[in-house]
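Here is a set of questions and answers on how the terms used for a model are justified.

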Amino acid sequence: MLELSDLHTYYGESHVLQGLTLSVRPGEIVTILGRNGMGKTTLMRSIIGFTPPRRGRVCFKGDDVTRWPPFRMVEHGMALVPQGRRVFASLTVRENLEVARQSRTGQWTLPRVLELFPRLGDRATNRANKLSGGEQQMLAIGRALMSDPDLLLMDEPTEGLAPLLVREVGRVIAGLKREGLSILLVEQNLPLALSVADRVHILSRGQIVHSSGPAELMANETVKARYLGVA
Amino acid sequence: MTAEFWIIQTFNGLSYGALLFLLASGLSLIFGVMRIVNLAHGSYFMLGGYVGLSVVWRTGSFTAALVAGAVAIALIGIGMERLFLRRLSGQTLGQVLMTIGFALMFQDLALLIWGGDPYTIPLPAALQGIVTAGALRFPTYRIFIIVVATLVGAALWIVLDRTRVGAMIRAAVDDREMAQGVGIHVPVVSLGVFALGAALAALGGVIGGGFLGVYPGADFEVLPYAFVVVIVGGLGSLPGAMVGSLLVGLLDNFGKALFPELSYFTLFAPMALILALRPTGLFGRA
Amino acid sequence: MDQTRVMRASVVEEASPGPATGYALELRSVSKAFGGLRAVDDVALAVRAGERRALIGPNGAGKTTLFNVISGELPASSGTIMLFGRDVTRAAVHRRAALGLARTFQITNVFPSLTVLENCLLAVQALSPVKLAMHRPLGRYADLHAHARTTLEAVGLGGRAGAIVQHLSHGEQRQLEIALALAGRPRVLLLDEPTAGLSPAESQLMAGLIKRLDPAMTVLMIEHDMDIALEIVQHVTVLHYGRVIADGTREAVKANPLVREIYLGA
Amino acid sequence: MKMKVILVRTLAAGLNVALATTLAVPPTAHAQGGPIKIGLLAPLTGAASALGKDMLNGTELYLDGIGFQAAGRKVELIVEDTEGNTATALTKARKLVEQDKVHVLTGGLLASTGYALHPLAEAQRIPTTYPVMSSDDLTQRKPAKWVVRTGWNSSQSMHVFGEWVAKTLKYKRIVTIGLDYAFGWESVGGFQRTFEDNGGQVIQKIWTPLNTNDFAPFVTQIKREADAVFAVFFGRAALQFVKQYETAGLKGRVPLLGNGTTTDESVLPQMGDEALGIMTALHYSAALDNPANQKFAKAFEAKAGKIPSYYAETCYTNARWIVEAVKAIGGRVEDREALLAALRRVELRDFPRGPVSIDRWGNPVQNIYVRRVDKVGGKLQNSVIATFPAVSQFWKYDPDEYLKQPLYTRDHPPCPHC
Amino acid sequence: MSSGLAAPAPTLDRKVVAGFAALTLAGVLAPALPAYPLTLLTQAAIVAVLAMSLDILLGYTGLPSLGHAAYFGIAAYTVAILATERQMGLAGCLVAALLLATATAALFGVLAIRATGTYFLMITLALGMVVWGLAFRWVSMTKGDNGIAGVPRPGLGLGWSLAEPLPFFYFALLAAALAWAAMGVLVRSPFGLGLKGIRESESRMRALGYNVWLHKYLAFVISGFFAGFAGVLWAYYNGFVGPADVQLVTSVETLLMAALGGPGTLAGSALGAVAIVFLKNFVSVYTKRWLLILGAVYIGVILWAPRGVLGAFTREPRGAR
């Protein structure tokens, strides 16, 4: 589905991703863990095309899509749930969803998204900036689904959410996985990340420092402590 | 000051404001989506008038002039955006300076093509009359301008507020990068908005050509007005452009009628006041 | 040198009055709301003079927002912020700096097209009336230069004074970030992830640098690298959803089950 | 790095070298025997460029006719663009005098330019003619020794017209509307003075800023009890005003009068039937029926493809004026005092506008024509309906008494009936 | 204190050296120059002061002003009115003009400094138009569109008259050099470094303890002061002041000068001013299509040397927004 090989991304002079290689297979959830400032969001930005990598290759569904503009990525079947949600504040909930609709008809339609997130249906005519944080997160996920993606990039979807909502997001992700969607998930909430993931990578200082299955990581206190924990 | 004075002057102000709306709404839209301060916008107004004039001469049709003026200038706008301004994406100052270069070139090209003589665009008979209401007399053409501006304003509002394309434009205004990230072709949207803005200015130019005339220098004469409207109303806001146009039209008109000695002061001073209280204009967002 | 000394004196003078609470920095039920979201929620914090404290918490816990509220970049929605017993809740950023508060930024925030020395000079002159002098070239102010160079030496950038900042490595820029905060000889220092983006070796250097700071200086730092943080501080405050969920010695915090759950899912 | 320093230095140095070498004029260029140089200032870009083009065409037409030869010497015309901006005109005038070493300086459009050029002509002691700039005081209270006016002054034809309107049309109450600067003030002032001296009353004076394009706020203020409206505009403002006067429904209800430029041939062809019947006065009309004008008008149409405006005629006449003066001194244009004296002595009967002589303040004494816009052969023209011969800038007033009066301005003459 | 801490001897910037060389060369060559290039050089020297004054805002502080002609024009008008109607001498005119221009900047600054980026651009544009509106319509004071002609050149009481081009050129050159030196010291002073800091990062400057508003405001007022100084020279140079001196196009042209020469370098702004003065006045000699060429040159420079002509030669990118 997605193959990244030897990505190098810079912000100005700052070398953020330092030769990163990973892949996501169809129907799989791959989770990226890591502390702040380690390059997780940059990775997402590099894949979708906001901050194209300076070196390396992004392959998606067999095509080399390195340095494609983001909207072509989306047309090609990739969708992003960005960090900080970034819903369009002056658009209504319905409009936020509508603008993301791709012309081809697929399985994700407005009614289905509203079925998945009934709360959004209730607030369809409200402007997005009037929503609560949790609702905005639902909207960001719904908006990504509207393009009927094959691969979903999710950047910290539980950030700043109350525990109840975190569980809700977890349920949604699990549901999407059952639908056969491939997901690349960046997450700091360890329980959630491990509960849905097929494979886990830990990112530290622009490089992958650990790769394993979720159960193995759960058991590996050293790695957890070193890269994630307080102690 | 009789009631008649107030009614007629209000009407004058409204109709002038209506013309300003055609000019300023495009400027405001372009700024909203692309953050470009387009100093060539007055040139679109002037060139639109000239193209309209040529078309009326050839075909005798005012409608054809409106269409041709808008289309021709939209094409010029597309060329400017696609070939030049896009290369400076994000560089406010560079883009401002570049539009000045274009304004100078357009000024000279117009002189080269149409000569320096002033003209008025001949109007169809239907628009030439006067509507009387008691002792009051309203020129049909000024009513026509108000009607056109109202229609254009309504159409813009419907498109922006009620259609998917409009939502895409507003999404690009809100968060340009994320708009691309949900699959919106932002460069195409930008180009379209730029073309639309240029076309609206040109439409204003053709309509203005019917009573203000078409002449060299019209570009820099109307430009400050367009800017005042946009500054007062708030950059990038359609309701702002509407309210701003009417406000400026009325202020300008009453300023000239009541305090001719300070007529520009009466226009610019309230504007400075508005800015002092609301730096982003009446409807602007920071 | 004279002017700098005068400046120092005046800082102390300004800072000293007010009821003595014994705390260098004290927050009383400080909140910051963005629309409906309470990014900082009823936070109380009391940091003694000379204390080293870490502020930790998962992403989005409100740590940087709290820093911005303390430094004045963002106005607090409610609550009181005291600096050396003086209420600074409504004071402008530069007023708080004048009272001896300095900070660094999580995303390096320096002056990229100026030289390292110029960067440091900006920080050195910041708290002195000299910053408004227009009649003499900066080169004539030997005392400012001396102070700036000392500061650069202290953070290990002494040899890079003439370099344009944007040509520095990320690590050097982080060092400069610290130098700018130190140049004003602050009494309270807020460090926002000083090791962000640094290699392990560079992080160690940074940790060493922080450890060597004047013991009288109060340091509050956000740090994700716990090895580094715990090496430096005695006290840890844990923020989650904008609230303080744990506060105490590092051992106590480490043992806190809530903290363990958040971090390790245990 | 070094390379770059050198580049910067080279830039700086190169600038000076360029100044010293390429721009320098060879010292031989202005020796006797070289061409006679006439420097013409005209607005070739900007809002008034059409007028500038007429000025240029008129000048060239005459010089073409004499093969650019006068008194056995070649005549060289050097044209500079003023953009219709006084500051630019000053810079360009300096260029013409200082770099090109012209023998005669001429042209200029705006009255403000005229006042600004005065000190320059005096300081440089350069024989200067003003074919267009018409501000009264240039030849009244502030005449310049070195300036001769070959055109007209603003109030000259309006004195005639005010009296004619009062006596012949017998209008009693008139509203004036005009451009709010010297030209408008002086035209309105001249009209008001003789109109009121002959029993009329100006009941309202409206001034419009120079860059007005929508005249509605002003037109709608015109008092309804007026017998007629007297307007002072030129260029595109004339076109707009006349059109908007009709649009506002005033045409046909209140007759429109104007100064000469309001229906000048520079805008008349672009006007429609809204201009029909407007009566104006000027020292020229393209429709003047005399042999010199017929010849001129025909030649001008052949050259420029349009009927001559007063701008064209005045510059054509001005060129001839200069050439006549040059001939009178045998081509010795280097003798500036002699050339100036000759310019002041020119007196001819066969200019297109009619016979002209010059008074001792440097202003022409010439015929004034009252004109009416008619449609002849499908085209609008300024038909001459009355001719007043040999009109001085002081009309029937005693010059000394006249000059004791202040200059016509916004507030003078006062408006007792407003 | 560690060793080697003595402040570096104030080194002269290469641009300063080049600028001095150019000034000296101009001064030495002036008597040999034909009158017209001398006139243009005089004009360029005056306009260079205006461009440099704008550069304090644009290049050093990162504030693009589109209303700079206002202070220039107010000073020019003050001189014109006082010199013609009150026959006031140089000193009186200078003081009054500078006071008025500075006061205007002080007033406008309060309104404008709150805004940043494009909003600053727009607000200064608007404020500039307020002044233009007054120049244009306050006829009793400014003579409206007629402008004020016949401003006499000042007498210095030194026996030679400034009415002649050469003495006036030296007068203008000296004045411009003084202004340049004063601005040069300013941008190299602690205050000037503060401006650069603001250009690069306002938030950091605040955190360091700067009152950023005050710094920007002072820069705005000082910039207005020097623009006024240029306006005084302009009134004497041209002998005529009209609304065209305060119109939008003049402000735009000033911005172009500062930007073309490479914002953030005073010498660059001066070079931009010289280049545009000569470009305008010489291209128009050879072709009627000079506006077309001028426009094309602007576009070309912005496309291919976006940091300005001088900026293209300097090593560091500038923070002009």
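The turns below concern a predicted model.

Q: Why is the contact of Glu73(C) and Arg206(E) called a salt bridge?
A: The rule asks for a side-chain nitrogen of Lys or Arg within 4 Å of a carboxyl oxygen of Asp or Glu. The side chains of Glu73(C) and Arg206(E) meet at 3.1 Å, N to O, so the pair satisfies the rule. Across the interface of chain C and chain E, two salt bridges are found.

Q: What makes β1 and β4 of chain C a pair?
A: Pairing needs at least two bridges between the strands. Strand β1 (residues 23–34) and strand β4 (residues 78–83) of chain C share five bridges, in the antiparallel sense, and therefore count as paired. Ser31(C) has Ser78(C) in β4(C) as its bridge partner.

Q: Which strands of the open sheet in chain C are edge strands?
A: The sheet has four strands in the order β2-β1-β4-β5 (chain C), with antiparallel pairing. Its edge strands are β2 (37–48) and β5 (86–87) of chain C, since each pairs on one side only.

Q: How large is the area buried between chain C and chain E, and what share do carbon and sulfur atoms give?
A: The area is about 3400 Å², and carbon and sulfur atoms give 64% of it. His94(C), Phe111(C) and Met134(C) supply 18% of the area that chain C buries against chain E, more than any other three residues.

Q: How many residues of each chain are in contact?
A: Contact involves 46 residues of chain C and 35 residues of chain E.

Definitions and conventions: Residues are numbered from 1 along each chain as its sequence is written. Chains are lettered from A and ligands numbered from 1 in the order in which they are written. This is a predicted model: local features need pLDDT of at least 70, side-chain atom pairs count only at pLDDT 80 or more; totals for chains, interfaces and linings use all residues. Side-chain values use heavy atoms; hydrogens and water are left out. Helices (H or I, at least four residues) and strands (E, at least two) are DSSP runs, numbered from the N terminus. Contact means heavy atoms within 4.5 Å. Buried area is the accessible area (1.4 Å probe) that two parts lose on being put together, summed over both.
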